[in-house]
There are 2 protein chains.
Amino acid sequence: MPASRRRTAAEFQGNGSLMPPSAHVIASPRGGGAPNREEHANGGGPALRGAKPRGGGSVFSASKVTGRRRPAGRTPLWRLGIFASLALNLAALALLRHQYMVSYPNHPGVVSPGQQHRACAPQPGTSGAAARAPSTGKPAVTSDSVINLDHGDPTMFEAFWRETGDAAELVIPGWQTMSYFSDVSNVCWFMVPDFDQQVRRLHRTVGNAAVDGYHVLVGTGSTQLLMAALYALSPADAVEPTSVVSTAPYYSWYPAVTDFLRSGLFCWAGDANSFVGDAYIELVCSPNSPDGAIRDAVLGSSGAGKAVHDLAYYWPQYTPITRRADHDIMLFTMSKSTGHAGTRIGWALVKDREVARRMTKFVELNTVSVSKDSQLRAAKVLRAVSDGYDYDGGASASRHRLFDFGRRKMVERWRMLREAAAASGIFSLPEETSGLCNFANETAANNHAFAWLRCDREDVENCAGFLRGHKILTRSGDQFGADPRYVRVSMLDRDDAYDIFIGRLASLK
Amino acid sequence: MPASRRRTAAEFQGNGSLMPPSAHVIASPRGGGAPNREEHANGGGPALRGAKPRGGGSVFSASKVTGRRRPAGRTPLWRLGIFASLALNLAALALLRHQYMVSYPNHPGVVSPGQQHRACAPQPGTSGAAARAPSTGKPAVTSDSVINLDHGDPTMFEAFWRETGDAAELVIPGWQTMSYFSDVSNVCWFMVPDFDQQVRRLHRTVGNAAVDGYHVLVGTGSTQLLMAALYALSPADAVEPTSVVSTAPYYSWYPAVTDFLRSGLFCWAGDANSFVGDAYIELVCSPNSPDGAIRDAVLGSSGAGKAVHDLAYYWPQYTPITRRADHDIMLFTMSKSTGHAGTRIGWALVKDREVARRMTKFVELNTVSVSKDSQLRAAKVLRAVSDGYDYDGGASASRHRLFDFGRRKMVERWRMLREAAAASGIFSLPEETSGLCNFANETAANNHAFAWLRCDREDVENCAGFLRGHKILTRSGDQFGADPRYVRVSMLDRDDAYDIFIGRLASLK
């Protein structure tokens with residue numbers, strides 16, 4: 001073998017399997033075991049046996065002009081040593097180059113469901129196989145598919161995160177995150193400190209909520225924290241359950257989450273506009289689900305009345321950031337901010353320490369704590385979002401700007417929707433509203449995560465049923481305490497599903 | 001610099017920061033950037049400038065006896081090349097050795113909170129920073145520490161998982177696990193298919209529970225699934241809440257989890273032994289927490305009565321596997337089987353489809369679904385466990401045997417505990433029991449995850465208070481519906497904490 005020919009990584013692997021085939025998705029080269037020095041030496045051996053050096057231009061060629069005549073058949077030991085040394089060099093360089101390639105793999109573009117399935121078929125003993133599992137179990141859509149826009153499954157954001165490479169990639173060694181505990185000095189003792197820091201950093205970056213003087217609590221999604229807030233705000237010794245209210249149209253899950261256990265502590269009492277009483281918990285969602293309206297509490301916090309602000313959609317892709325919210329309890333979720341719904345992480349900003357403590361107690365009794373793996377993931381993702389807006393140009397600054405991406409998508413999708421509704425002629429949508437966005441420093445429209453669509457045809461009293469007949473699944477307005485002529489339509493699904501929906505909607509007469 | 005002197009990793013780092021200082025705890029070398037070839041060359045350069053080779057015994061010494069006289073002041077280019085080559089060799093070997101040390105770090109035992117904090121301080125832009133977060137936020141212990149064995153924090157298992165290298169390591173790309181959905185064709189629509197498969201595989205391997213004909217459900221820990229079972233088994237239209245009972249001493253959280261929301265569907269009714277009534281849900285924990293007793297239902301499933309079997313400890317490290325359990329509802333948890341409590345994953349094996357559907361509905365209303373990241377992690381870990389017992393010697397077989405490790409630890413710890421109790425003279429423990437373990441094919445003792453310790457001193461009525469005075473935290477027997485002379489003591493903490501506990505216990509008189 002010519003001393004100057006570099007071994008390819010594949011040849012090197014073939015010699016001693018120093019790297020498993022799947023190493024390209026593994027951050028750690030540990031996959032097949034660290035380089036074994038015996039194998040390393042063997043890798044150099046066979047090529048040298050009896051090999052004669054060849055002249056050449058390389059500085060590493062040992063046979064360069066010496067003028068000495070070598071006894072036939074005898075290669076001095078020191079020359080063999082030199083050759084061994086050179087072979088070791090080349091082997092080491094090949095190994096290092098291979099590890100460099102492992103560290104910076106090329107990420108594939110969109111993988112088809114078929115490819116995804118094959119990619120995630122368990123490979124016995126192969127690290128990383130489970131990580132290739134597809135993001136979603138919903139079947140791929142075709143032009144004939146039923147398009148399900150009932151849920152706010154935020155798969156629209158996948159396209160953004162594919163482009164970020166490994167900025168939001170998480171590696172968890174097998175021995176990590178095993179303990180229940182995270183920071184026993186914190187009210188929220190199971191919260192990973194890095195998650196706390198990234199939440200605060202992001203809010204400071206976006207300016208959508210105050211964090212100084214607030215406790216950050218983590219939950220298994222903001223749904224769990226909603227129940228935690230109800231638990232914390234309901235007096236344990238009350239004779240009657242505390243009434244839970246919200247202004248119609250309210251988020252369809254508020255009644256369900258409040259009442260599914262028929263708790264003696266709190267119960268659903270309907271529309272805040274028609275509520276009469278002194279003790280209540282008002283749920284204020286702003287921008288609101290389903291209709292995107294910007295809301296304030298109607299009952300306010302007075303006497304025995306409390307408010308919980310659900311700010312799941314108060315992010316620049318959906319709405320102008322007009323002020324830094326500073327309510328007593330504010331809920332946020334990864335699902336709608338970054339799109340990582342499957343990670344099941346939400347957080348609460350809570351002013352009062354005792355309320356924070358009771359909310360933490362709820363989570364403790366409900367699920368003992370919150371997955372550390374998910375928290376680490378969320379922290380990584382939030383960090384990547386903030387890095388995109390690190391205008392100080394520090395080492396962390398990146399060119400991946402989530403909110404820019406999200407806003408462009410929402411603007412485009414709402415434009416398509418309004419055109420389709422106009423083309424159809426039988427649907428109406430909320431009027432477009434806008435405001436000055438302090439984050440983007442410009443006027444921005446409200447482009448909500450859901451469309452509050454009304455069917456104006458006289459003979460259609462149940463819009464959800466009408467659309468279902470055209471293979472479009474939505475959530476009926478009556479689940480939101482509103483007229484069934486309305487439906488809530490998710491604006492967050494993938495492009496292919498959304499495009500099919502738009503085409504069908506425009507054709508309806 | 002003598003060509004034969006090996007550079008230390010620290011010197012090599014100083015030259016071009018090829019590895020960040022914290023690399024020894026990062027699985028991925030991506031942290032500080034992969035080796036840079038320009039830096040690599042520079043690393044070799046300075047040492048060679050003008051260096052003369054020295055004679056020596058090494059086969060790599062280029063100056064070995066040649067007899068030639070070199071013109072004063074002139075070193076032939078080819079010799080310089082040889083020196084460069086040798087220096088490259090040494091540098092490469094040092095780098096590979098360093099990476100070997102990264103892959104198989106020496107574990108320092110207890111890391112001080114300060115070290116932990118520095119290790120996990122966010123490094124802007126550094127991949128893997130979040131993954132360095134310590135497993136636990138509990139402070140390190142010293143001989144003067146308060147030893148907290150109140151909770152069953154399973155950090156004893158960390159030592160096993162450190163040794164498995166990357167077998168249980170998980171990599172999640174930024175764009176994965178974003179959707180709520182996993183497999184919409186499954187009753188449990190948010191369950192990751194690989195998790196389902198690994199659960200079934202493990203049970204078949206261990207033989208501790210039947211899986212054929214069962215639905216597998218995933219939950220945020222088995223605590224959530226316990227509530228889900230109560231929800232599923234309680235008639236929604238019942239006038240009175242369904243009574244929930246368990247035989248004393250029962251797991252201290254059963255009353256708390258049942259009653260903390262004052263549900264109208266179910267309520268705690270105490271000791272099953274003294275229960276009178278037709279409608280009930282009996283919680284059967286076997287081996288039992290706190291006392292390790294092997295339990296059967298006392299009320300059984302008849303008429304309106306139902307049983308839920310909590311088999312959290314029915315694994316070979318704690319108890320002989322005497323039969324393949326086949327109850328209607330069986331709960332398991334990662335926390336006690338593999339030690340991954342922070343991942344928050346439990347599962348249920350459920351025979352009845354309607355019950356499975358209602359339990360799934362509970363999880364949906366409670367937390368929308370279960371973290372996919374956690375499920376992927378759990379699947380990876382369970383796979384690694386099963387691989388250790390793949391006696392077919394297939395490609396997946398590994399030498400890491402969790403249950404062997406666990407059993408050895410538990411046998412040793414119980415031996416130490418019995419000796420300490422005997423040395424003290426004022427404590428008693430449950431008698432040792434054993435049985436034929438079908439998994440290990442030998443007789444095995446019960447070595448429970450908790451010790452049900454009784455203080456026999458006449459003047460000590462509250463054992464937990466007595467031990468607290470000696471800086472040992474335990475959980476009082478009265479929380480388990482038993483005499484406060486008993487305490488439950490965790491057997492699952494790290495070696496250092498356990499050793500201190502043993503030493504103190506033996507000294508108590």
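**Group meeting talk: a walk through chains A and B**

Okay, let's begin with one residue: Arg377(A), which sits in helix 11 of chain A, the helix covering residues 372-387. Before I go on, keep in mind that this is a predicted model.

So, is Arg377(A) buried or exposed? Arg377(A) is buried, because its relative accessible area is 0%, and the cut-off for buried is under 20%.

What does Arg377(A) touch, if we skip residues up to four places away in sequence? From chain A, the list has Ala168(A), Leu170(A), His340(A) and Thr343(A). From chain B, the list has Ile172(B), Pro173(B), Gly174(B), Trp175(B), Gln176(B), Thr177(B) and Asp373(B). Find Arg377(A) on your screen and go through those neighbours.

Let's zoom out to chain A as a whole. Chain A has 14 helices and 16 strands. Chain A has 509 residues, and 59% of them count as buried. Now take the contacts in chain A with a separation of 6 or more: 72% of those come from residues 24 or more positions apart.

Next up, helices that meet across the two chains. Helix 7 of chain A, residues 221-233, packs against helix 10 of chain B, residues 353-367. The angle is about 80°, and the axes are 6 Å apart. An angle of 65 to 115 degrees counts as roughly perpendicular, so helix 7 of chain A is roughly perpendicular to helix 10 of chain B. Which residues make this contact? Helix 7 of chain A brings Thr223(A), Gln224(A) and Met227(A), while helix 10 of chain B brings Leu365(B), Asn366(B) and Thr367(B). Sorted by class, that contact of helix 7 of chain A with helix 10 of chain B has two nonpolar residues, four polar ones and no charged ones.

Now swap the letters. Helix 10 of chain A, residues 353-367, and helix 7 of chain B, residues 221-233, pack at about 80° with axes 6 Å apart. That makes helix 10 of chain A roughly perpendicular to helix 7 of chain B. Here Leu365(A), Asn366(A) and Thr367(A) meet Thr223(B), Gln224(B) and Met227(B). The contact of helix 10 of chain A with helix 7 of chain B splits into two nonpolar, four polar and no charged residues.

On to strands, and we'll stay in chain B. How many residues of strand 4 of chain B, residues 242-246, are buried? Five of its five, so to speak of it as mostly covered is fair. Thr242(B), Val244(B) and Ser246(B) point one way, Ser243(B) and Val245(B) point the other way, and all are buried.

Strand 4 of chain B pairs in the parallel sense with strand 5 of chain B, residues 266-271, over five bridges. There, Val245(B) has Gly270(B) as its bridge partner. Strand 4 of chain B also pairs in the parallel sense with strand 6 of chain B, residues 280-285, over three bridges. In that pairing, Val244(B) has Ile281(B) as its bridge partner. Add helix 8 of chain B, residues 253-259, and strand 4, helix 8 and strand 5 of chain B make a right-handed β-α-β unit.

Last stop: an open sheet of four strands in chain B, in the order 10-13-16-15, with antiparallel pairing. Which strands are at the edges? Strand 10 (427-428) and strand 15 (475-476) of chain B, each pairing on one side only. Strand 10 of chain B pairs with strand 13 of chain B, residues 450-455, in the antiparallel sense over two bridges, and Phe427(B) stands opposite Cys455(B).

Key:
Residues numbered from 1 in each chain as written. Chains lettered and ligands numbered in written order. Predicted model: local features only at pLDDT ≥ 70, side-chain atom pairs only at ≥ 80, totals over all residues. Heavy atoms only, no water. Axes fitted to C-alpha atoms, helices over the stretch in contact; angles between N-to-C directions. Parallel < 35°, antiparallel > 145°, perpendicular 65-115°, else oblique. Contact = heavy atoms within 4.5 Å. Nonpolar A, V, L, I, M, F, W, Y, C, P; charged D, E, K, R; others polar. Pairing = 2+ DSSP bridges. Buried < 20%, exposed > 50% of the residue type's maximum accessible area, 1.4 Å probe, protein only. Right-handed = clockwise from strand over helix to strand, strands pointing away.
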